[in-house]
Amino acid sequence: QVQLVESGGGLVQAGGSLKLSCAASGRLSSGNAMGWYRQVPGLQRELVAVISSAGTTNYADFVKGRFTIARDNAKNTVYLQMNNLKPEDTAVYYCNAAGRDEVWRQPYTYWGQGTQVTVSS
């Protein structure tokens, strides 16, 4: 079983920066993707950014040019550098790892516990 442990959330003023980290314990299959989602109470969880094990990235339009996702495959860790933060970025940010197991090709997805990001105006 893989566990995802996030860190780096907190309170920051508008225009500031934060860097989130997520470390996966246990081995992930090759060809996996790791990413960040966020959720505001009462709303659906939404994709922020995702990166494949090969380094291909995809961003939500609302963070393009402000957030950067990166990963260290040797450490099974994914990062989210968030710059020029806005009050509307306030949410709980969740780390995700998804892929297929290498034996049966069954899909899996793991979630972290979430980390609060609060941006004050």
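This report walks through a sheet, the salt bridges and the aromatic contacts of a predicted model.

**The open sheet**

Let's start with the strands. Four of them make an open sheet, running β1-β3-β8-β7 in order, with antiparallel pairing. The edges belong to β1 (3-7) and β7, and each has a single partner strand, so one side of each is left without a neighbour in the sheet. From one strand to the next, the twist averages 15 degrees.

Strand β8 (residues 77-82) pairs with β3 (residues 18-25) in the antiparallel sense, over six bridges. If you want to find this pairing on screen, look for Ala23, which stands opposite Thr77 in β8, or for Lys19, which stands opposite Gln81 in β8. β8 is also joined to β7 (residues 67-72) by six bridges, and these two strands run antiparallel. Here a handy marker is Arg71, whose bridge partner in β8 is Val78. β7 and β8 form a hairpin, with four residues between them. In that turn sits Asn76, with a positive phi of about 50 degrees.

**Salt bridges**

Searching the whole structure turns up five salt bridges. Three of them are set out here, with the closest N to O distance for each.

| Salt bridge | N to O distance |
|---|---|
| Glu102 and Arg27 | 3.0 Å |
| Asp61 and Lys64 | 3.1 Å |
| Arg66 and Asp89 | 2.7 Å |

Take the Arg66 and Asp89 salt bridge, at 2.7 Å. Arg66 comes from the loop between β6 (57-59) and β7, while Asp89 comes from the loop between β8 and β9, so this contact ties together parts that are 23 residues apart in sequence. Are these two residues buried or exposed? Arg66 counts as buried because its relative accessibility is 10%, and Asp89 is buried too, with a relative accessible area of 1%. There is a bit more to this spot: salt bridges with shared partners join Arg38, Glu46, Arg66 and Asp89 into one network.

Now for the salt bridge between Glu102 and Arg27, at 3.0 Å. This one links distant parts of the chain, 75 residues apart: Glu102 is in the loop between β9 (91-100) and β10 (107-111), and Arg27 is in the loop between β3 and β4 (33-39). Glu102 is partly exposed, at a relative accessible area of 39%, whereas Arg27 is exposed, at 62%. In the pair of Asp61 and Lys64, Asp61 counts as exposed because its relative accessibility is 64%.

**Aromatic rings and the charges over them**

How many aromatic pairs are there? The count comes to two. One is Tyr37 with Trp111, an edge-to-face pair with 5.1 Å from centre to centre and 70 degrees between the planes. Its partners are in distant parts of the chain, 74 residues apart, with Tyr37 in strand β4 and Trp111 in strand β10. Tyr37 counts as partly exposed, at 23% relative accessibility, and Trp111 also counts as partly exposed, at 37%.

Then there are Tyr108 and Tyr110: their ring centres are 5.2 Å apart and their planes are at 35 degrees, so this pair is tilted. Both Tyr108 and Tyr110 are buried.

Finally, a couple of charged side chains sit over rings. Lys19, already met opposite Gln81, lies over the face of Tyr79, at 4.8 Å from the ring centre. Arg45 lies over the face of Tyr94, at 3.7 Å from the ring centre.

Notes
Residues numbered from 1 in each chain as written. Predicted model: local features only at pLDDT ≥ 70, side-chain atom pairs only at ≥ 80, totals over all residues. Heavy atoms only, no water. Pairing = 2+ DSSP bridges. Salt bridge = Lys/Arg side-chain N within 4 Å of Asp/Glu carboxyl O. Buried < 20%, exposed > 50% of the residue type's maximum accessible area, 1.4 Å probe, protein only. Axes fitted to C-alpha atoms, helices over the stretch in contact; angles between N-to-C directions. Phe/Tyr/Trp six-rings, centres within 6.5 Å; stacked < 30°, edge-to-face > 60°. Lys NZ or Arg CZ within 6 Å of the ring centre and 35° of its normal.
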